[in-house]
Amino acid sequence: HPLNFTHDGGEIIFNLPNGLQAYYLSTGEGERLDAAPIAIVSDTGARDPVVRNGLSCMGCHTEGMKTFEDQVRSVIAQNQNPSYDKAQALRLYAEKGEMDALLREDTERYKRALAAAGGVFGGSEPIQQLVKQYQGSLDAAHAAAEVGMTVDDFLQKIRESRQLQDAGLLVLAGEKGNIKRDAWTSQFGTLISVLEFGESTNPYANMVLIPAGEFQMGSNNGAADEKPVHTVYLDAFYIDKYEVTVAQYKKFLEANPQWGELRIDDTWDSHPVSPVNWYEAMAYAQWVGKRLPTEAEWEKAARGGLVGQAYTWGNLYDPSKVLDGAFMGNSDPVGSYPPNNYGLYDMIGNVWEWCLDEYDPDFYSKSQRRNPIAGASSIEEIINNFRSIETSRVLRGATSVYSKDSMQIAVRGSRPPTRAGDGGDESYTYGFRCVKDVKP
């Protein structure tokens, strides 16, 4: 119906004073969208398929307006006795010659403006060129320039700072060392804090406080071990904002060589450490004065305050928020994707994360309501005797090497505490993050 229909939203294109184009994605009510729903439109050729207001549009409209052929007017013209005002409908849908002339006029305007801006008509749009350059990896010179320092002074600061080394920045000191833009961005706050105020003595640095209270744990739509949904009350606790990195774990091994040797190239310093088994994760946590999260703590933190949602961001799967299509042994630097509502990164979709609990497929049907823990009467019992434990432990936050369904918050995994990864080669799969109790 050309005069009476309900639309999901739209793309509005308008001219800027300099002749280039601006773009506006909107809902059906005309409200601005920063990103279009992936179920309606997507950029299938990009690593991030989400169409984002502005940037995605610029990359697509390299020749200004897209040419098209209207199919509505011909249908209106052929309809001899429509139920709507035919004359009004024809006024809304311009004749082909008129529309083609308007499109040619727009294209010429855009071509002139593009040339003045240094762009190439039909090639890469100027803003896209700048974005591509910005999103590339940084070497030491570019990283130092972004904080207004010489390369020598910048690298010296990193060599003197454990916090900056734990953040994975020491990789810049290596020959041809570089760091991905997303990893650099995720650690930029820590970098500036150290440069301005020195090393932090805060025991809760890079941790997030999860408030005390109830939440709904589990799912009634998943596997049998995720059921039933039940109410859990947890005391407040702190949890690491990021998964423990290779750089952080190296410090542990240097001080505790009895726990083995990590053979990973320095370029992986900002990635989550893996593979590690449960014993190794427990030992690291004790060494830094923390512990592994209980399964309930992990799930409450992952949900970020959302109730009944499948993923950390909502109910619809969004591959731009995880390492989509990962292969065994692959991961992204910590903090590569948007945080959840608690400000926690990579709770799903990077590597599996060890929890404190014993795995019990029926635990939800008999779980205590307050601070539940499976396989022991208390957290302290597990921590004090962890070396003698042999029962399988819980893993949460699946890597996308499995499937999008496996990355739902409620999905539960388990492995023996001696296992460090799946596959005969013990592939990089299992990592962890730590929690710390709130002291009165």
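What is the volume of the second largest pocket? In this predicted model, the second largest pocket has a volume of about 620 Å³. Its lining comprises 28 residues, and those nearest the pocket centre are Asp 166, Ala 205, Asn 206, Gln 248 and Lys 290. Two or more lining residues come from each of α8 (162–166), α9 (181–197) and α11. Helix α8 provides the largest share, 3 residues. The composition of this lining by class is tabulated below.

| Class of lining residue, second largest pocket | Number of residues |
|---|---|
| Nonpolar | 10 residues |
| Polar | 10 residues |
| Charged | 8 residues |

Gln 248, listed among the residues nearest the pocket centre, also takes part in a helix–helix contact. Helix α10 (residues 246–255) packs against helix α11 (residues 278–287) at an angle of about 85 degrees, and their axes lie 11 Å apart. Angles of 65 to 115 degrees count as roughly perpendicular, and α10 and α11 are therefore roughly perpendicular to each other. On the α10 side, the contact involves Gln 248, Tyr 249, Lys 251, Phe 252 and Ala 255, which meet Glu 280, Ala 283, Tyr 284 and Trp 287 of α11. The residues of this contact comprise 6 nonpolar, 1 polar and 2 charged.

The model also contains an open sheet of 3 strands, in the order β5-β8-β13, with antiparallel pairing. Strands β5 (207–210) and β13 (435–437) stand at the edges with a single partner strand each, so one side of each has no neighbour in the sheet. From one strand to the next, the twist averages 25 degrees. Strand β8 (residues 237–240) runs antiparallel to β13 and is joined to it by 3 bridges. Phe 237 has Asp 437 in β13 as its bridge partner.

Technical notes:
Residues numbered from 1 in each chain as written. Predicted model: local features only at pLDDT ≥ 70, side-chain atom pairs only at ≥ 80, totals over all residues. Heavy atoms only, no water. Axes fitted to C-alpha atoms, helices over the stretch in contact; angles between N-to-C directions. Helix = DSSP H or I, 4+ residues; strand = E, 2+ residues; numbered from the N terminus. Parallel < 35°, antiparallel > 145°, perpendicular 65-115°, else oblique. Contact = heavy atoms within 4.5 Å. Nonpolar A, V, L, I, M, F, W, Y, C, P; charged D, E, K, R; others polar. Pairing = 2+ DSSP bridges. 1 Å grid on protein atoms, 1.4 Å probe; cavity = no way out; pocket = protein on both sides within 12 Å on 5 of 7 lines; lining within 4 Å. Points joined across faces, edges and corners; volume = space filled by probe spheres on them.
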